[in-house]
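Me: I am new to this structure and should be grateful for a close look at a single part of it, the surroundings of the ligand. Please add afterwards whatever helps to place that part beside the rest.

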Amino acid sequence: MSSIAERIAASGTSNAIELRGVTRYFGALAALTDITMSVRPGERRAVLGSNGAGKTTLLNCITGDFFPTFGTVRFFGEDVTTLPPHERIRRGLRRTYQISLLFSRLSVRDNVYLACRGVSRGRFSFIRTRARDAIMQSVEELIALVHLESVADRLVEELAHGQQRQLEIALALAGAPRFILFDEPAAGLSPAERRDLVAILTALPSHIGYIIIEHDMDVALRVVESVTMMHNGRIFKEGAPHEIQADPEVQELFLGSGHA
Amino acid sequence: MALEQTIETDSLTLPQAQQAGAVSRWVHRNAAILILAVLLLILPAVAGPFILDQIVGWTMILGMIALSLMFLCGYGGMVSLAQMTVAGVSGYMIAVFGPSSLPSISLFWPWWVAAPVAILIAVAFGTVVGALSARTEGIYTIMITLALATAFFYLTLQNWPIFNGFNGFTTIPAPHFLGVNWRAPIPFYYMVLFFAALSYAAVLYISRAPFGLALQGVRDNPRRMEAIGYNVTAHRVAAYAFAALIAAVGGILLVWQNNQISPYSVGVNAVINILVIAVVGGITHPIGAFIGAFIYVILHTFALDALVAVGLDGRRFQLLIGLGFVIIVLFSPDGIVGIWRRLRARARTSGGGNPL
Ligand SMILES: Nc1ncnc2c1ncn2[C@@H]1O[C@H](COP(=O)(O)OP(=O)(O)O)[C@@H](O)[C@H]1O
Ligand SMILES: [Mg+2]
């Protein structure tokens, strides 16, 4: 682990996310092949591609859910390739999951509380948090942000699918994120909830960058400034949203055929 | 001016009224446990030594050891079969460091040195068990902890210099201090009640503290816990250490009560009994450990006579316990606590449907 001074110095000049030659095998299957990409701090990027293109695996390699077979991952200049996920989260990385990963036998409030506590001190504390402690204010704010106030005391397993997706997003916004990875956050949301999602994304402070995987072009292209197209585990094209939309190859592969 | 005063007094009395409301709500919600506490406190006034020692005292000690499993399993999702072994380690260590009938092994340290040292060693052992099994899940946790428990059983059986082989230790006295013989039935009862109540309250309190909530998060979804900043392995190991503390205290009390410890005390039978107690009582709430222990103690104490009375072989009481286990697990996977919860929920809904 590098010193804090080094980290600060590095983060001033580096990309938020920098991947070099990231390759990931599952047995003989190459889910990712030689991915090299960089995302600036504050940049908002969409990753598009058909099912099985390797988008989720890409996020897993960035968070450390899976380690890359080859290649390096840098987060604000620091080599985090072999750091466990919780260390990356504590450095300001966040993510949501395509298939909700929540704490089903805890209440919505406890779920959000755990996310807020996870990126602060006192994770091992034996002293209960009181309602007037500062952390509870952040918890209530996050619950309000995703409109779950009315079900805050309900167990997560009792929530509707759309509400679970909202909670999934809230967990990724806890603390002071520097960069967020959203894996198909709009999947399963109603049109109204989609509008809320777009509002949340556009209202994020400008220093917070993100990568969003999204099949819904209406959502994706409205909230990003750059796009990475993936196909068969490789990067296929990068560019601004209008360039990607106009690209004939892309249209043939994705947009026209209704895959994306 | 007058208006201002009214507002002021209002804003003063309102929180107080709310507080009084909160207190009465708390009492109402915890009525059952408060009644139980009062009954336990006054029990020595009405019950003889047999009830105090062999029924309620034993229940509370076994309950503490089962509670340590409940904490790991109910909150952490980790089924450790080594909790009786942790209790056994502290039990053996109190015999080794304190007095016993074996001056060639026992060091005869005073209880206030021997007991903390025994607890420390048992907690270290429990933490090592945790470190070895924290990266496993489900059936693998059960297997590795059972293997460790079995290994310790054979160690005590075959090692003579420290564990005195299959004879174990006898005449291990509970302490005398403050002019009290703490092995006399009533003082011993209150000592056990104190530690059982303390463990129970601590587990209940910690279940809503960051440490306990995070443990429940680890139970529900370890991968997501990593992805929101928790070191899951460290959290699991810490849970084993805390559970070991409760089991270790229970182990010393068990040895002081029985006045002896031998390999049989940490054998596979004893290990499985703790699992049965925790499951029958219900692992979703700390009280389940004590309910399960009470049922076990009652069966263990009276089933023999009951079986003989109906003309069966008294030694079959283990069969009765096993049968009870199967029935409970089949009909209520969350044990007696689960049955109690469902009955209460039903009473509440039928009460709500009543137009009066
Ligand atoms: N844990 C895993 N084990 C085995 N194969 C996997 C695993 N995760 C993903 N894959 C495979 O890797 C490829 C890419 O998957 P994924 O990254 O989920 O694609 P996308 O998110 O773009 O739909 C797929 O062929 C998928 O079957
Ligand atoms: Mg995916």
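Reply: The contribution made by helix α2(A) is a suitable place to begin: with three residues, α2(A) gives the most to the shell around ligand 1. The model is a predicted one, and every value below is computed from it.

Helix α2 spans residues 55–63 of chain A, and β2, residues 29–39 of that chain, likewise supplies at least two residues of the shell. The full list of residues that surround ligand 1 consists of Phe26(A), Leu29(A), Ala31(A), Ser50(A), Asn51(A), Gly52(A), Ala53(A), Gly54(A), Lys55(A), Thr56(A), Thr57(A) and Phe66(A). By character, five of the shell residues are nonpolar, six are polar and one is charged.

Several of these residues place polar atoms beside oxygen atoms of the ligand. From Thr56(A), a polar side-chain atom lies 2.7 Å from an oxygen atom of ligand 1. Gly52(A) takes part through its backbone, where a polar atom is 2.8 Å from an oxygen atom of ligand 1. Ala53(A) also uses its backbone, with an N or O atom 3.2 Å from a ligand oxygen. On its own, ligand 1 has 560 Å² of accessible area, and the protein covers 63% of it.

Elsewhere in chain A, His147(A) deserves a remark on its backbone. This residue sits in the loop between α5 (134–145) and α6 (161–172), and its phi is near 60°, a positive value in a residue other than glycine. Most residues other than glycine have a negative phi. His147(A) has a relative accessible area of 46%, so it is classed as partly exposed.

Chain B offers a second example. Phe108(B), in the loop between α4 and α5 of chain B, also has a positive phi, near 60°. With a relative accessible area of 43%, Phe108(B) is partly exposed. The loop that holds Phe108(B) also contains Ser100(B), for Ser100(B) lies between α4 (83–97) and α5 (111–133). Ser100(B) has a relative accessible area of 7%, and because this is under 20%, the residue counts as buried. Its side chain is joined to that of Ser106(B) by a polar contact of 2.7 Å.

Among the helices of chain B, α2 covers residues 31–46. Its 16 residues reach 22 Å from the first C-alpha to the last, close to the 22 Å expected at 1.5 Å a residue. This helix nevertheless bends by about 30° at Leu40(B), and a proline, Pro44(B), follows within four residues. Leu40(B) and Pro44(B) are buried in α2(B), as is Leu43(B).

Two pairs of residues show how parts of chain B that are distant in sequence meet in space. Tyr190(B), in helix α7 (residues 185–206), is 149 residues from Leu41(B) in sequence, yet their C-alpha atoms are 8.1 Å apart. Tyr190(B) is partly exposed, at a relative accessible area of 32%. The other pair begins in helix α5, where Ala124(B) lies. Along the chain, 117 residues separate Ala124(B) from Ala241(B), and the distance between their C-alpha atoms is 7.3 Å. Ala124(B) has a relative accessible area of 43% and is therefore partly exposed.

Definitions and conventions
Residues are numbered from 1 along each chain as its sequence is written. Chains are lettered from A and ligands numbered from 1 in the order in which they are written. This is a predicted model: local features need pLDDT of at least 70, side-chain atom pairs count only at pLDDT 80 or more; totals for chains, interfaces and linings use all residues. Side-chain values use heavy atoms; hydrogens and water are left out. A residue is near a molecule or strand if one of its heavy atoms lies within 4 Å of it. A polar contact is a pair of N or O atoms within 3.5 Å; within protein, one must be able to donate a hydrogen and the other to accept it, and residues adjacent in sequence count only if both atoms are side-chain atoms. Accessible areas come from the Shrake-Rupley method with a 1.4 Å probe; for residues, only the protein chains shown count as cover. Ala, Val, Leu, Ile, Met, Phe, Trp, Tyr, Cys and Pro count as nonpolar, Asp, Glu, Lys and Arg as charged, and the others, Gly among them, as polar. The expected span of a helix is 1.5 Å times one less than its number of residues. The bend at a residue is the angle between axes fitted to the seven residues ending there and the seven starting there. Buried means under 20% relative accessible area, exposed over 50%, partly exposed in between (1.4 Å probe, protein chains only).
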